[in-house]
Amino acid sequence: MDEWIALGIIALIALPVMAISAFVMSLGARRRIRALESRLSLLEQRPPAAIGAVAFPSPPSLTADTAPQAVEPEIRLAPPEAEEPPLPEPIAAAEIAAPKAPQRPKESFEQKLGARWAVWVGGLALALGAIFLVRFSIEAGLLGPGVRIAFGALFSIVLLGLGEWLRRSDRITAISRIPAANVPGILTAAGTVGLFATVYAAYSLYGLIGPMAAFILLALIGMATMAGAGLHGVWLAGLGLVGSYVTPLLISSDKPNILALMIYLIVVTAFALALARLCLWRWLAVAASVAAILWGVAMFGAGAGAIESGIYAIVLLALSSIFLVVDVQRDTTTDRPDWLAVGVLAGLAALLVSGAIARDYASASIAASLIGGAMLLLLARRYDAVAFVAPVAAIELIALLFFWPAAAQAAHEPLTYIVDALSTYFPLPDAVRMFGIVGLLGAAALIATALTRLQARPGAGPFATSAHAAAASAGPVVAAIVAYLRITGFVSSIAFAAIALALAALYAVLTERFARRERPGTALDQVPTGLFAAGAVAAIASALTMALEGGMLTTALALAALGAAWVQLRRPIGVLRYAVAVLALLVLARVAWDPYIFGVRSGSGVYLSILVGYGIPAAAFAIASVLLRRVRVDRAVFAAEALAVIMTALLVVFEIRAIVFGGDLLSPNTALSEQGLTTAAAFAFALGLSRLAQTRPSPVFRLGGVLARMLGLLNAVIGLGFVANPLFTGDPVGGGPVFNEILLAYGLPAVLAGLVAFRTPPARLRWLQAATGVVALLLAFTAVTLEIRFLFVTSPDLSVDPVGSAESYTYSAAWLALGILLLAFGLVFRQRAARLASALLIVVTVLKVFLIDMSNLEGVWRALSFMGLGAVLIGIGLVYQRLLFGSAKAVGEADDPPSESGTPAGA
C-alpha cells in the first residue's frame, strides 16, 4: 500500500510540473514561429534583385561520435540599388574553388577553465547539492521518507525541465557552443542522476516501492535518458546506458526471473543499437553489445536454462549483425577490417561457447552454437569488412570441440570408440556421435564458405581473401586434431589418420586449382594457394602423428619437411618454406618432450633404432636446407639447418652411450670413455661447423660452432677433470699399455682441442681461443701423465700404488718430450702460443726436477734426470738462437696470425 501511495505522490507532483513545462515550452515555440513568419514576410516584400546569394555553410562531417545537426542557411540581403559588379578576367578553377573552413582555434587554459570545467563542476555541484540536502533532512529529522522522495523527484524534474527550456532558448543556445560542456545537457544529466537516486532510495532505503516497480521505473529512466541524448549529446547517452545496464544489479529479489531479465536486456540493447544508428554513435552500439555479453555470461553462471540462453545469444547476435554490419556495410565494397564489429561478433561467439559449457552441452545450447556459427559465416561471406569473422567461427568450432566432454562419456563404454589402429568400426554413443557430427558439419561449413566466396569474387581484397583461406585451411585441421585428442588421447588411430589424409588430398586439389588461377605479377592470387598448400602439409603431418609413434613419427615429420622443400623448389609457393620451419619446430618439440624417440632403449637393436630415429631426420633436414637455399636464404633455411645439426649431435651422443654401455641407454652411470668421446665429438662439431660457416654463411653454423666449442670445454674441465678422472674415481682403465681408455679419453680430445684452438674464433670471442689452447694443453699433459701412471701401477686403482724413482724420472722425460713437440709445432707453423705453452711445460719440468727429483730420486735416476734436463735446455737454446733469432731478418719478422681456415698466412 505504501508503494502505491509513494507512486501516487510522485505522479501528482510530476504531472503538474510536466504540464507547466509543456505550456512554457509551447509559448517559447510560438514566439519562435512568429519571429520566423516576420522574417519570411520581410523577404517576400523585397524585390528578387535585392536578395543576394543564399550561402549554406558546409555541414559538419558525420562521424561515429557526432550527432546529425540541422544546417541553417545564412541569408545575406543586398541593397536594392546595388549594381552588379563587372565580371573579372578568367580565373583558374583552383582560385574559384570553395574556401576552406577556418580551423578551430586552440582553446587556452582560461577558456577550458571558464567554459568547460565550470559547467561540469556546476552540474556535479547541483547533483551533490540535492544529495546533501536529502542527507541533511534525514539527519535533522525534518521530513518523512515520503516527503523526501517527493521533493527529490520534484527537484530532479525541475532540473530536467530547466535543461529542456534552456535548450530551446535562443540566447542560451547561442552562447553554449561547446558540445562537451553544454549547459542544458549538464542540467539534464543532473536531473537524470537525481531521478535514479530518488527511485533507488524509495526502494532500497525506505521500502516505499517494491522490486518490480523500482525495476520498471529505473528501466524507463535509463531508456528515456538514452532517448534524450539525441537532443542533449553523447554524455547523456552514456549516462543512460550505464543506468539501464546497472539497474538489474540494484534490484534484489528472492526469486530472480532470468527470463524477464533476458527480455529486458534484449529490449535495452535493441533500443541502444537503434539510437546509435540514428545518431551515428558507434561507440554506443559497441558498449551496449559488450554490456549485453557480460550480462549473458553472468546469467549463464546464475543458472539460466539452455533454451533461454541460446535464444538470448542468437537474438543478440542478430541485433549486432543488423546494426553493426548489415546497415553499416550495405553500400560499401572495401575489405578493410571493421575490427569493432569483428570484436563484438567474436564476443558473441564466445558467449555461445560459454552457454554450451555452462549447460553441459545440452541439445539446445549445441543448436544455438551451430546457428550462431552459421550466421557468422554468412556475414563473413557477404561483407568483406567482417571477413575475419570466418576465423572467429573456426575458433568457435575448435573451442566447442575442445571443451566437449566426449572422452569422459566414452570412458564409461570403452567398446564404443576406437581402441587401437586395427579395430573395426563400432556404433558410437549419442554424445560421441553428436561430437563427430558437429565437427564434420563445422569443418564442411568452413571449407564451403571459403570456396564459394573465393570463387564467386576472385578479385577480392587481401584481408578477405586471407581470412577465408586461413579459416578453411587451418580450422578443419585443428578441429581434427582436437577431436583426435578428445577421443583417443593421442593413441595411434588409423581412422583419424585417414580423415587427416582426406583433408590433405582436398587441400592439395585446391592448391592446384588456385595455382592455375594465379595471374602473373599478382601477389594476392598467391594467398589462397599458399594457405591451402600449408593446410595440406599440416594435414599430412597430423596424419603421420595420428598413425605413427616414437621414432617413426619423428622420421615421418622430417620426411614431410623434405617433401615440402622439394615441392617448393618445383612450384614456388612461399608458404611451403614456412611449413618446413613449422615442421622443424614440431620435431624439436617432439625431441624435447622425449629425447628417446625410438622404441628400443636397450639390447642389440638400439644401434639401428638410434641410426634410423636420428639419422634419417638429420639427413632429411640437411637436404631440405640445401633445396631451400637454392631459392633464397631465410629463416626457413636456418630452421632446417638447426634441426639437421641438433639431430646429428643427438645421433652421435646416443650412439656413444650405446657403444660404451653395450646398448643400455638407461644406465644411471657414466664412464671415462663416454666422457672422452663426448668431449672429442664436441670439438669435432666445432671444427666442422666453423668450416661450414665459411663455405655457407649461416648464423646456425657460426653460433653452433661456438656453442659446441664451449660445451667441449665444459665437459673437458668438469667431466674429464673431476667426474670421470680415474685418479679420483678409482675405476679401472681398460685397454693395453698404450692404446687404452686414457688415450681415447684424453689424447683424442687434446688433439681436436688443439686444432680448434688453431682456428681463429669470431672477433668478440678472442678469449675463447686462449681458453681452448689452455684446455688442449691440460688434456695433453693429463694424457701423458695418466699413461705413465697406468704403465707403472700394479692395481686397477691408479691412486693406490706409490710413485717410484723410475716412474718419477719417466714423468720428467715425457713432459720434456711433450714440450719439445709443442716447440717444434710452434716453430714450423709460426705459432707463438704453442711456443709459450712449450716454455710453460718445460718450466714445470725444471721445477719438478729441482724440487722433487733432487730429493726423491737416488742413484743413476737422479743423474740421468739432471743430465737429460740439461741437454734438452741447451738444445732448446740453440734452436732459439739459430732458427728464431739467428738474423736481423728473423728478429724483425713477426709471427703470422692464423687465418680462418686455420693455416698461417705465410705457410
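Helices and strands here are DSSP runs, numbered from the N terminus, with at least four residues for a helix and at least two for a strand. On that basis D360 sits in the loop between α11 and α12. The model is predicted, and its protein chain has 31 helices and 2 strands. Below is a quick tour, from the whole chain down to a handful of single residues.

**The chain as a whole**

- The protein chain has 907 residues, and 42% of them count as buried.
- Take the contacts between residues at least 6 apart in sequence: 72% of these join residues at least 24 apart.
- The accessible surface adds up to about 47,000 Å², with 70% of that belonging to carbon and sulfur atoms.

**Helix α11 and what it packs on**

- Helix α11 covers residues 339-358, so to speak 20 residues' worth of helix, and its first and last C-alpha atoms are 28 Å apart, close to the 28 Å expected at 1.5 Å a residue.
- Its buried residues are A341, V342, V344, L345, L348, A349, L351, L352, V353, G355 and A356.
- Those buried residues pack against four helices: α9 (282-301), α10 (306-326), α12 (363-382) and α13 (389-402).

**The loop after α11**

- Most residues other than glycine have a negative phi.
- D360, just after α11, goes the other way with a positive phi of about 55 degrees, and D360 is not a glycine.
- Y361 lies in the loop between α11 and α12 as well, and Y361 has a positive phi of about 55 degrees although it isn't a glycine either.
- Buried or exposed: which is D360, and which is Y361? D360 is exposed, since its relative accessible area is 65% and the cut-off for exposed is over 50%. Y361 counts as buried, because its relative accessibility is 10% and buried means under 20%.

**Helix pair α8 and α9**

- The axes of α8 (residues 258-279) and α9 come within 8 Å and cross at roughly 170 degrees.
- An angle over 145 degrees counts as roughly antiparallel, so α8 and α9 are roughly antiparallel to each other.
- On the α8 side, the contact is made by I258, L261, M262, L265, T269, A272, L273, L275 and A276.
- On the α9 side, the contact is made by L284, A285, A288, S289, A292, W295 and M299.
- Sorted by class, this contact has 14 nonpolar residues, 2 polar ones and no charged ones.
- α9 also turns up among the helices that the buried residues of α11 pack against.

**Helix pair α16 and α17**

- Helix α16 (residues 462-488) and helix α17 (residues 494-516) have axes that come within 10 Å and cross at roughly 175 degrees.
- That angle makes α16 roughly antiparallel to α17.
- From α16, the contact draws on A472, S473, P476, V477, A480, A483, Y484, I487 and T488.
- From α17, the contact draws on F496, L503 and Y507.
- By class, the contact of α16 with α17 comes out at 10 nonpolar, 2 polar and no charged residues.

**Helix α22 and its end**

- Helix α22 runs over residues 635-660, which makes 26 residues, and at 1.5 Å a residue it should span 38 Å.
- Its end C-alpha atoms are 37 Å apart, which agrees with that expectation.
- G662 follows α22 and has a positive phi, near 65 degrees.

**Single residues worth a click**

- Q568 belongs to helix α19 (residues 550-570). At 2% relative accessibility, Q568 counts as buried.
- What does Q568 contact, leaving aside its neighbours within four places in sequence? Its partners are I573, L576, R577, L628 and V631.
- I221 lies in helix α6 (residues 211-232) and is buried, with a relative accessible area of 13%.
- The C-alpha atoms of I221 and G243 are separated by 8.0 Å, with the two residues 22 apart along the chain.
- P802 is in the loop between α27 (766-792) and α28 (805-828), where P802 is exposed with a relative accessible area of 71%.
- Not counting residues up to four places away in sequence, P802 touches R789 and E807.
- P802 and F792 are 10 residues apart along the chain, and their C-alpha atoms are separated by 9.7 Å.

Technical notes
Residues are numbered from 1 along each chain as its sequence is written. This is a predicted model: local features need pLDDT of at least 70, side-chain atom pairs count only at pLDDT 80 or more; totals for chains, interfaces and linings use all residues. Side-chain values use heavy atoms; hydrogens and water are left out. The expected span of a helix is 1.5 Å times one less than its number of residues. Buried means under 20% relative accessible area, exposed over 50%, partly exposed in between (1.4 Å probe, protein chains only). Contact means heavy atoms within 4.5 Å. Axes are lines fitted to C-alpha atoms, for helices over the stretch in contact, and angles run from 0 to 180 degrees between N-to-C directions. Angles under 35 degrees count as roughly parallel, over 145 as roughly antiparallel, 65 to 115 as roughly perpendicular and the rest as oblique. Ala, Val, Leu, Ile, Met, Phe, Trp, Tyr, Cys and Pro count as nonpolar, Asp, Glu, Lys and Arg as charged, and the others, Gly among them, as polar. Accessible areas come from the Shrake-Rupley method with a 1.4 Å probe; for residues, only the protein chains shown count as cover.
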